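User: I have a new structure to look at. Can you walk me through it?

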Amino acid sequence: MGLTEEFKVTIIQPTMTDDDVMDFVAKGYVILEGIIDDTWNRTCATSPSGPAETLAQTPEFIKEVLLHPQASGIVRSLLGENFRVPTGAQHHLFTKPFVGQTWHSDGLSGSGHEITELQCYYYPRDVLQADGPTIILPGSHCRAVDREAIAHYGDIAGQISLNVPAGTIVVTRY
């Protein structure tokens, strides 16, 4: 989805240094802890689990989350001036203990060093270990794997559990 007329005049400034970009190319992620306002977090935390396109496509969500200056500055630094705002969204909210998933990639990775798309995670609530947080593996985006080819692995040295405070945005390359 391109930017609506309301946002087209918004000039997004890149916020990453060359070293920051190279770090992202190597590791494949940036974590922005607690950058979204608590009022907005409370608004989003009550949305139902499941597909969340309706929420993610509202001007308020685009402004408060996707075009937050810190988050959009990173996206601008990595994708360039004319990046597109995502149209799809999924709200993972579990009300009972969650065992979690096996290792998998959220897309086919390892197609080169260029960055053509990003995945954005937004956490409107605190995420504790007991909540079954997303786990990322720095550098794994550089290895070409089928989505399920790594499902049999358990814990992997260097993995990072995204136990994060409310208002956190994580940008990854997959």
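Analyst: What follows goes from the whole chain to the sheet, the cores and the aromatic rings.

Analyst: This is a predicted model, in which local features need pLDDT of at least 70 and side-chain atom pairs count only at pLDDT 80 or more, while totals for chains, interfaces and linings use all residues. Residues are numbered from 1 along each chain as its sequence is written, and side-chain values use heavy atoms, with hydrogens and water left out.

User: How many helices and strands does the chain have?

Analyst: The chain has six helices and seven strands. Helices (H or I, at least four residues) and strands (E, at least two) are DSSP runs, numbered from the N terminus. In order from the N terminus, the elements run α-α-β-α-β-α-α-α-β-β-β-β-β.

User: And how much of the chain is buried?

Analyst: Of the 174 residues, 36% are buried. Buried means under 20% relative accessible area, exposed over 50%, and partly exposed in between (1.4 Å probe, protein chains only). About 10,400 Å² of the chain is exposed, and carbon and sulfur atoms supply 53% of that area. Those areas come from the Shrake-Rupley method with a 1.4 Å probe; for residues, only the protein chains shown count as cover.

User: What about contacts between residues at least 6 apart in sequence?

Analyst: Among those, 87% join residues at least 24 apart. Contact means heavy atoms within 4.5 Å.

User: Ok, sheets. What is the strand order in the open sheet?

Analyst: The order is S1-S7-S4, three strands with antiparallel pairing. S1 and S4 are at the edges with a single partner strand each, so one side of each has no neighbour in the sheet. From one strand to the next, the twist averages 10°. Axes here are lines fitted to C-alpha atoms, for helices over the stretch in contact, and angles run from 0 to 180 degrees between N-to-C directions.

User: How many bridges do S1 and S7 pair over?

Analyst: S1 and S7 pair over four bridges, and S4 and S7 over five. Two strands count as paired if DSSP finds at least two bridges between them. On the S1 side, Tyr 29 stands opposite Thr 172 and Ile 31 opposite Val 170. On the S4 side, Cys 120 has Val 171 as its bridge partner in S7.

User: Why is S7 called largely enclosed?

Analyst: Five of the five residues of S7 are buried, so the strand is largely enclosed by the rest of the structure. In a regular strand the side chains alternate between the two faces of the sheet. In S7, Thr 168, Val 170 and Thr 172 are on one side, Ile 169 and Val 171 are on the other, and all are buried.

User: What does Thr 168 touch?

Analyst: Leaving out residues up to four places away in sequence, Thr 168 touches Ile 31, Leu 32, Glu 33, Gly 34, Tyr 121, Tyr 122 and Tyr 123. Its relative accessibility is 0%, so Thr 168 counts as buried. Thr 168 and Leu 32 are 136 residues apart in sequence, with 5.6 Å between their C-alpha atoms.

User: New topic. Which residues touch the most other members of the largest nonpolar core?

Analyst: Phe 24, Phe 61, Tyr 122 and Ile 169 do, in a core of 27 residues. Helix H2 (18-27), strand S1 (29-32), H3, helix H5 (59-66), helix H6 (69-79) and strand S7 (168-172) each supply at least two residues of this core. Another core lies apart from it, with eight residues, among them Tyr 29, Tyr 121, Tyr 123 and Val 164. A nonpolar core is a set of buried Ala, Val, Leu, Ile, Met, Phe, Trp, Tyr and Cys residues joined through side-chain atoms within 4.5 Å.

User: What is Phe 61 in contact with?

Analyst: Setting aside neighbours within four places in sequence, Phe 61 is in contact with Trp 40, Cys 44, Leu 55, Ala 56, Leu 66 and Tyr 122.

User: How many aromatic pairs are there?

Analyst: The count is three aromatic pairs. Rings of Phe, Tyr and Trp (its six-membered ring) pair if their centres lie within 6.5 Å; planes under 30 degrees apart count as stacked, over 60 as edge-to-face and the rest as tilted. The ring centres of Trp 40 and Phe 61 are 6.5 Å apart with planes at 55°, so that pair is tilted. Trp 40 is in helix H3 and Phe 61 in helix H5, so the pair ties together parts 21 residues apart in sequence. For Phe 61 and Tyr 122 the centres are 5.9 Å apart and the planes at 70°, so this pair is edge-to-face. Phe 61 is in helix H5 and Tyr 122 in strand S4 (residues 119-123), so that pair ties together parts 61 residues apart in sequence. Trp 40, Phe 61 and Tyr 122 form one aromatic cluster.

User: Last one: is Asn 41 buried or exposed?

Analyst: Asn 41 is at 3% relative accessibility, so it counts as buried. Asn 41 is found in helix H3 (residues 38-45).
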